[in-house]
Amino acid sequence: MAALRAAKQALRREIKGRVAAVSDQEKLRQSRVVSQKLFRHPKYLSSQRVAVFLNMHDEVRTDDILQDIFKRGKVCFIPRYFTKSSRMDLLRLKDMEEVKTLPLTSWNIRQPADEDHDREEALTTGGLDLILMPGLGFDKKGNRLGRGKGFYDTYLERCRTHPKGKPYTIALAFKEQLCAEVPVGEHDILIDEVLYEDEE
């Protein structure tokens, strides 16, 4: 267990270094490529209830994706992380304007306030068709290296008990986040697909 934790920590440092070396302009360019791939993806096109993260600086930019979700009339959910635990809720976002009104967290990302109890949580209503996932590193087999809190792994476990079952999961990545192999433990859940700019 300690060896796994150490391997993950070492890989996190390596990937953070690789992503930090990518210019903002290149991050934006790759984000647009990944977004366009998503917009053509059959799972995205057929999904009605979609969860997407509001990106941090070292993650694929998701503004265009949010706009597209609303443009297509899909139902959008975004994370609320409880930083003192591994719990995360995915809460309904009504429109792009709402994003600007959300409070900033210590991680400098916007999310609904802890005391905001009026929003629909995805699993208390109709479940989810698709979760677009962040992460630090990925391999082509669908192994994901998160930030170590277990938010998404814990949430996907909750999804499994929902009548709708586990949603399809797509990770959005810069190509610098791709690894030959991500070290994983028994609680790490495989993701269905990783979207990144490959040499097509």
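## Strands, a buried helix and the largest pocket

Strand 2 and strand 3 run antiparallel to each other and are joined over six bridges. The model described here is a predicted one. Strand 2 covers residues 75-81 and strand 3 covers residues 88-93. Together, strand 2 and strand 3 make a hairpin, with six residues between them. Within this pairing, F77 stands opposite R92 of strand 3. Strand 3 is mostly covered, since five of its six residues are buried.

The parallel pairings involve strand 7, which spans residues 168-172. Strand 4 (130-133) pairs with strand 7 in the parallel sense over four bridges, and L130 stands opposite Y168 of strand 7. Strand 7 also pairs with strand 8, residues 193-195, again in the parallel sense, over three bridges. In that second pairing, I170 has E193 of strand 8 as its bridge partner.

The three strand pairings are set out below.

| Strands | Sense | Bridges |
|---|---|---|
| Strand 2 and strand 3 | antiparallel | six bridges |
| Strand 4 and strand 7 | parallel | four bridges |
| Strand 7 and strand 8 | parallel | three bridges |

How many of the five residues of strand 7 are buried? Five of the five are, and the strand is accordingly described as mostly covered. Both of its faces are covered: Y168, I170 and L172 are buried on one side, and T169 and A171 are buried on the other. T169 has a relative accessible area of 0%, so it counts as buried. Leaving aside neighbours within four places in sequence, the contacts of T169 are I131, M133, L156, L190, I191, D192 and E193.

One of these contacts, L156, belongs to helix 6, where F151, Y152, D153, Y155, L156 and C159 are buried. Helix 6 itself spans residues 151-160. The elements that cover its buried residues include strand 2, strand 3, strand 4, strand 6 and strand 7.

C159 of helix 6 also bears on the matter of disulfides. A disulfide is a covalent bond between the sulfur atoms of two cysteines. The structure holds zero disulfides. C76 takes part in none, and the nearest cysteine sulfur to its own, that of C159, is 15 Å away. Why is the sulfur of C159 not bonded to that of C76? The two sulfurs are 15 Å apart, and C76 holds the closest cysteine sulfur to C159, so the separation is too far for a bond. Both residues are nevertheless enclosed: C76 is buried at 0% relative accessibility, and C159 is buried with a relative accessible area of 1%.

The remaining topic is the open space in the model. Rolling a probe the size of a water molecule over the atoms shows where empty space is left. The largest pocket holds about 690 Å³ of space. Its lining consists of 34 residues, and those nearest its centre are R12, G148, K149, G150 and D153. D153 is also among the buried residues of helix 6.

Which elements each supply at least two residues of this lining? They are helix 1 (2-20), strand 6 (144-145) and helix 6. Helix 1 gives the largest share, five residues. By class, the lining of the largest pocket comprises 15 nonpolar, nine polar and ten charged residues.

Helix 6 thus links the topics of this report: it supplies at least two residues to the lining of the largest pocket, and strand 7 is included in what covers its buried residues.

How values were computed
Residues are numbered from 1 along each chain as its sequence is written. This is a predicted model: local features need pLDDT of at least 70, side-chain atom pairs count only at pLDDT 80 or more; totals for chains, interfaces and linings use all residues. Side-chain values use heavy atoms; hydrogens and water are left out. On a 1 Å grid over the protein atoms alone, a cavity is a set of points where a 1.4 Å probe fits but cannot get out, and a pocket is an open set with protein on both sides within 12 Å along at least five of seven lines; lining residues have an atom within 4 Å of a point. Grid points are joined across faces, edges and corners, and a volume is the space filled by probe spheres set on the points. Ala, Val, Leu, Ile, Met, Phe, Trp, Tyr, Cys and Pro count as nonpolar, Asp, Glu, Lys and Arg as charged, and the others, Gly among them, as polar. Buried means under 20% relative accessible area, exposed over 50%, partly exposed in between (1.4 Å probe, protein chains only). Contact means heavy atoms within 4.5 Å. A disulfide is a pair of cysteine sulfur atoms within 2.5 Å. Two strands pair if DSSP finds at least two bridges between them.
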